[in-house]
Amino acid sequence: MHSELLLVGIAVLAAALHGADGLHPTNRYLKRSTSSAMRATVEASAPPSEDTMTKLTAQPPFATVVVNKALEALDEALPKEKVQPNGAPEYLGGPPSKERVVVLGSGWGAHAFIDGLDADKYDCTVVSPRNFFLFTPMLAGAAVGTVEYRSISQPIRSVNPGVGYLEATCTQIDAAAKTIECELVVCDGAACEIRDFSLSFDHLIVAVGATTNTFGIPGVQEHCFFLKQVEDAAKVRRGIGNCFERASVPGLTDAQREAILTFAVIGAGPTGVEFVGELCDFIEQDVPRFYPSLLPYVRVKLIEASDKVLMAFDSELQASALETLRSRVSVSPSRGSDKPLVEVLLSAGVKEVKPDEILLSDGVTVPYGLAVWAAGIGPLPLVKDLAQSIPEQASLDGRGKLVVDNWLRVCGAPGVWALGDCVTIDQKPLPATAQVASQQGAFLARLFTRNYDLSGAAPKIVGAKQGLVQQFGDADGYAKGFNFLNLGILAYLGDSKALAQVNVDESVVKGTGAAGFALWRSVYLSKQVSWRNRALVAIDWAKIRLFGRDMTRL
Ligand SMILES: Cc1cc2nc3c(=O)[nH]c(=O)nc-3n(C[C@H](O)[C@H](O)[C@H](O)COP(=O)(O)OP(=O)(O)OC[C@H]3O[C@@H](n4cnc5c(N)ncnc54)[C@H](O)[C@@H]3O)c2cc1C
């Protein structure tokens, strides 16, 4: 939140320096009538010169990226005209005059795209099996009941009333024919019916994210829990309850109880570490109320194949994370206050997961009651198939991801755009994060909404310039390529402590402990996508303070 205020401040300054007269106080909706008139006059544009192309695609200095993002933030902040629902899309008998945009997915990238899109300009439909946006950074908290699932979900239909939605899974993309095949599964009681349909598009936005990568390790798929979707978090929450109930059964030996109450988390990236932090909070704050006699048996094991936790953070913060995790102790008086709750196993590759034990590459076995796999992501079959069906992609080697150019166009597939976890930008790989996906979604919405001719070698501004980005951010009449501004990374460690790392050009600003936690909470609250979500998350936090986490297994 603070960084955005800073960006807006810089933008105001930039605008003032250029003089108010030079500004066109336009936004995407207010200029709609002129924009369609402009589009009619677009001529087949000559490709930009080599010099211009370099200017458009080169990685600019940090300060330029900050100023450009500030211009974008300010453009977005300008008042928008309310968009009325578009009426029926073409496939439901609506007018065929508008270009058809089909968006695959309802996650970070898709949400930012449809949020910024002028739906009056397009016949836009979202296709996704999930009819809501999910705030993934708080899924680990949802898995132990710190927040409720609905508090971090937002119905996708409410994001932009001019955009249609179909609850279906895309099963195949024909980039050449500009069609997609979809599958809708309708269940009524025990009976399920599968309905297939196809859609045609002028532009397809592929924002389907990624899938969990098990690296083909035997037993992971069958025996581990995952943390990717709401259903995963719900399963973990029920699974934790199951372990405590199973361990309560009379007649078990101490060793059996300890095995059942060993929670193994595989992967010490942000998801794994945050889950361990949340789980320890739950164990320390709530288990004593319900299962005090079981506390001495509870163990948490964080298993990591490399020799580090939280690779994306700098080494000082990694050390601080390790110290915080290892300092967690059980609150049980019988266990003694010096007994660690968390064991971090580094350089411990998982070889196989059996129903009740994990085999590590060094021969050690870890008995467990519940194992959560948080060790990486990989491409979805839909994305791999699409990449394989486009000859140009074969020569670019996106390793299963779609290779896109600087304007997020899938190389070799005109009319197909892609963003988020399922893409890699040619020569400029970026981390698979919500920050990247949402910045890309907002960038693409701007290209589609403002006066750009999207058909050339680089999107060209046509007619009057709209807003600050076209005035000051673009170059030689063309849209600059996407540049990512890293606003910093955060990780919750549990016990009201968090890490914060903000990269300002070459320098790194770091925060740990309670200060990091205050920043983590304020950023995550402000980054919720609606006031409804902000209120619900704040209420959940207050609720657990007052009443503890809800342990009922509904
Ligand atoms: C537990 C967890 C914690 C995380 N924490 C952070 C964090 O703190 N900070 C951060 O920056 N990033 C975080 N991430 C990463 C972040 O969530 C992803 O990078 C981000 O979601 C990627 O956005 P996306 O739009 O590419 O895909 P997603 O947000 O994953 O959305 C993909 C969408 O596509 C839909 N879909 C899938 N297949 C199909 C299909 N065949 N047809 C149609 N639709 C389909 C899905 O239902 C979903 O709606 C976290 C991820 C997880 C799982």
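**Ligand shell and the β6–β7–β8 strands**

The structure is a predicted model, with a mean pLDDT of 87 for the protein and a score of at least 70 for 88% of the residues. Residues 1-44 have a pLDDT below 50, although in the model this stretch makes 64 contacts beyond near neighbours in sequence. Where pLDDT is low, predicted coordinates should not be read in detail.

The ligand is surrounded by 34 residues, of which Gly 105, Gly 107, Gly 209, Gly 420 and Thr 433 come nearest. Two or more residues of the shell are given by each of the helices and strands α5 (108-116), β2 (122-128), α6 (139-142), β6 (169-174), α10 (270-285) and α15 (434-449). By residue class, the shell comprises 19 nonpolar, 12 polar and 3 charged residues.

Strand β6, one of the elements that contribute to the shell, pairs with β7 (residues 179-188) in the antiparallel sense over 5 bridges. These two strands form a hairpin with 4 residues between them, and Lys 178 in this hairpin adopts a positive phi near 55°. Strand β7 also pairs with β8 (residues 191-200), again in the antiparallel sense, over 10 bridges. The hairpin of β7 and β8 has 2 residues between the strands; in its turn, Gly 189 has a positive phi of about 65°.

Glu 181 of β7 stands opposite Gln 172 and also opposite Ser 198 in β8. In a regular strand, side chains alternate between the two faces of the sheet.

Key: Residues numbered from 1 in each chain as written. Predicted model: local features only at pLDDT ≥ 70, side-chain atom pairs only at ≥ 80, totals over all residues. Near = placed C-beta within 6 Å. Nonpolar A, V, L, I, M, F, W, Y, C, P; charged D, E, K, R; others polar. pLDDT = per-residue confidence, 0-100. Contact = placed C-beta atoms within 7 Å. Pairing = 2+ DSSP bridges.
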